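Grab a pencil and open your viewer. Below are a few exercises, each with a worked solution.

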Amino acid sequence: MKRTMMSLIGVAVALGAVTGVAAVAAPDDGGPAVPRGGSRLPVQRSALLCPAPTSSEVGETTYTAFAPKGAAAGAGGKKGTARLLPAGTVRDAGDGAAGKGKQKGKDKGEAAADSAAGQRVAPRDTKPVVPLQEAGEPVTTTTDSADAPALVGDADGTLAPGWTVQQTTSVAAGAGRGLLGLSCTAPDTTFWFPGVSTATDRQDYVHLTNPDATPAVVDLELHGKDGSLAGSAGEDISVPPHTTVPVLLSTLTSSPATNAALHVVAREGRVGAAVQASDGKLGSDWLPPAADPAPGVVLPGIPKDATSVRLVALAPGESDADLKVQLATPTGLITPAGLETLHLKSGMTTAVDLKDLTKGEAGSLVLTPTDADAKTPVTAALRVTRGKGAKQEMAFIPATRPVEKRATAADNRDRGSTLSLVAPEKGKDAKVKVTASAGSGGGTPVTKTYTVKGGSSLDVEPPRPQGLKGSYALTVEPEAGSGPVYAARMLARPQGGLPAFTVQPMPDDRGSRLVPTAGQDLSVLTN
């Protein structure tokens, strides 16, 4: 579904280039190199969606918007605009939020269906949030509202390529306490979330946000260790225009599953999707969507002091998959004790407790087919825990796209950030340029270059701007000839004795597109 849509968009972009009409490009998705006679140009428009951050009365959320400086060379010279606007919310009259638990007199399936079709509540305020004026300079704003809305918006012109918005929430107490972080997502038609749960000790909500002026229709498919979990309750969920719909996953099935995977499919329109997971003992965080299923995946950024690591993996196609499991460490690739290979049955999740996998040395998990010619796609995510006893905090690391041209993580402070880089292929060293932007309140950018030996990982305290005031963004750019590289950023902001933290993967920002010359064979873009 996704590939077909992208192919059609690619054709539209090409036709736009031929006729001289500006068009919105689809991401090149790690596709072919620039075709002979063609060129790579910055995108002219980007869209992002941020879910409602928290309903806690003791929560505080910071939004940080950023666009890399110099990223829009050749974007027509048009000075850009970038802003987010509050979205409406679908709420159910019975219990206050779509998908929020079992309603009196109804089973779970009926409750979920009714909630998804509940009443739309318009946002109280329609003022733009974190409007960006200049590339290279972050803009921040903070709210402590318990009913802060979801946000939808776009960027164009010189601010479109690489536009990033970080949503960071600190909750001081309660079941959802801890640090929650999310890079706001681009709208799409399909998302995978391995690592969700419908068990009684977790409350996982998927937030579906529609950025467009027409309704979207979404199906939610849950997979557990024995196969499909969800029934008709997850089908035909209507998401009104410019509106968000939160759905509690446990209302979709009568079979509790601790280690499940969620597939979000927009059959009509497109949505943004993210999962907010809350655990009574381990706090809460956002689970971002995993990279599109592929034969091999990389999960970067496992902290050195992780006390527990759980892997949830799935082969979503019709074939089983056999994977080699390796941990990329600063000194090379190693095999976790007792876990040389992993067998995934088609359509069924497999969970493995890797315990204190890193043992004091940060690393990244690398899963590759045992047969080099195997093409069975897989998806995976990690739940990572830091701390012990009553002072534990969890975060999630999904499979991540490589950084092909550029990736950005915003909302870094004077301290508390860790940058993880991994070059998963032996013999293919990665050389990357890391730039710390100016601060939101002032400061001078700083750039530093790192080399990651092929088959290893590197965790560093990233560079900081000179004279930093406020927060800043980190931009990672592989240099010409670099081997494949993946990246993640961890924020650690302790709350008393609680090691509160969150990890954001840093996939390529897809800020450029391939454009053919007039009369060129378009198959070079759509294969």
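**Exercise 1. Two positive phi values**

Is Lys355 buried or exposed? Work that out, then do likewise for Arg510.

*Solution.* One thing to keep in mind throughout: this is a predicted model.

Step 1. Start with the accessible area. Lys355 comes out at a relative value of 58%. The cut-off for exposed is over 50%, so Lys355 counts as exposed.

Step 2. Place the residue. Lys355 belongs to strand 26, which covers residues 350-355.

Step 3. Check the backbone. Phi of Lys355 is near 55°, a positive value, and the residue is not a glycine.

Step 4. Now turn to Arg510. Here too phi is positive, about 50°, in a residue other than glycine. Arg510 sits in the loop between strand 39 and strand 40 (512-515).

Step 5. Compute the burial. Arg510 has a relative accessible area of 15%. Buried means under 20%, so Arg510 is buried.

**Exercise 2. The sulfur link**

Find the disulfide in the structure and describe where its two ends lie.

*Solution.* Step 1. Recall the chemistry: a disulfide covalently joins the sulfur atoms of two cysteines.

Step 2. Search the whole structure. The search returns 1 disulfide. The partners are Cys50 and Cys184, with sulfur atoms 2.0 Å apart.

Step 3. Look down the S-S bond. The angle about it is 110°, and the link of Cys50 and Cys184 is right-handed.

Step 4. Trace the chain. Cys50 is in strand 2 (residues 45-50), while Cys184 is in the loop between strand 11 (178-183) and strand 12. The two cysteines are 134 residues apart, so the pair links distant parts of the chain.

Step 5. Ask how well covered the ends are. Cys50 has a relative accessible area of 0%, so it is buried. Cys184 has 7%, and it counts as buried as well.

**Exercise 3. A sheet that includes strand 11**

In what order do the strands of the sheet with strand 11 line up, and which ones stand at the edges?

*Solution.* Step 1. Remember what holds a sheet together: its strands pair through backbone hydrogen bonds, in a parallel or antiparallel way.

Step 2. Read the order. The sheet is open and has 4 strands, 8-3-10-11, with antiparallel pairing.

Step 3. Pick out the edges. Strand 8 (139-143) and strand 11 each have a single partner strand, so one side of each has no neighbour in the sheet.

Step 4. Get the twist. On average, neighbouring strands here are turned by 15° against each other, ignoring direction.

Step 5. Zoom in on one pairing. Strand 10 (residues 164-171) is joined to strand 11 by 6 bridges, in the antiparallel sense. Within this pairing, Gln166 stands opposite Ser183 of strand 11.

**Exercise 4. Working across strand 38**

Describe the sheet that holds strand 38, then follow the bridges on its two sides.

*Solution.* Step 1. Lay out the sheet. Its 4 strands run in the order 35-31-38-39, again open and antiparallel. Strand 35 (456-460) and strand 39 (501-505) are the edge strands, each pairing on one side only. Direction ignored, neighbours in this sheet are turned by 20° against each other on average.

Step 2. Take the side facing strand 39. Strand 38 (residues 486-492) pairs with strand 39 over 5 bridges, antiparallel. Leu491 has Thr502 of strand 39 as its bridge partner, and Ala492 stands opposite Phe501 of strand 39.

Step 3. Take the side facing strand 31. Strand 31 (residues 417-423) and strand 38 run antiparallel and are joined by 6 bridges. Ser417 has Leu491 of strand 38 as its bridge partner.

Step 4. Think about burial. In strand 38, 6 of the 7 residues are buried, so the strand is largely enclosed by the rest of the structure.

**Exercise 5. Empty space inside**

How many cavities of 30 Å³ or more are there, and what lines the largest one?

*Solution.* Step 1. Count: there are 3 cavities of 30 Å³ or more.

Step 2. Size up the largest cavity. It holds about 70 Å³ of space.

Step 3. List its lining. Among the lining residues are Pro194, Arg202, Asn259, Val312, Leu382 and Phe396.

Step 4. Sort the lining by character. It divides into 5 nonpolar, 3 polar and 3 charged residues.

Step 5. Assign it to strands. Strand 12 (190-196), strand 22 (306-314) and strand 28 (379-388) each give at least two lining residues. Strand 28 has the largest share, with 3 residues.

Conventions:
Residues numbered from 1 in each chain as written. Predicted model: local features only at pLDDT ≥ 70, side-chain atom pairs only at ≥ 80, totals over all residues. Heavy atoms only, no water. 1 Å grid on protein atoms, 1.4 Å probe; cavity = no way out; pocket = protein on both sides within 12 Å on 5 of 7 lines; lining within 4 Å. Points joined across faces, edges and corners; volume = space filled by probe spheres on them. Nonpolar A, V, L, I, M, F, W, Y, C, P; charged D, E, K, R; others polar. Pairing = 2+ DSSP bridges. Axes fitted to C-alpha atoms, helices over the stretch in contact; angles between N-to-C directions. Buried < 20%, exposed > 50% of the residue type's maximum accessible area, 1.4 Å probe, protein only. Disulfide = S-S within 2.5 Å.
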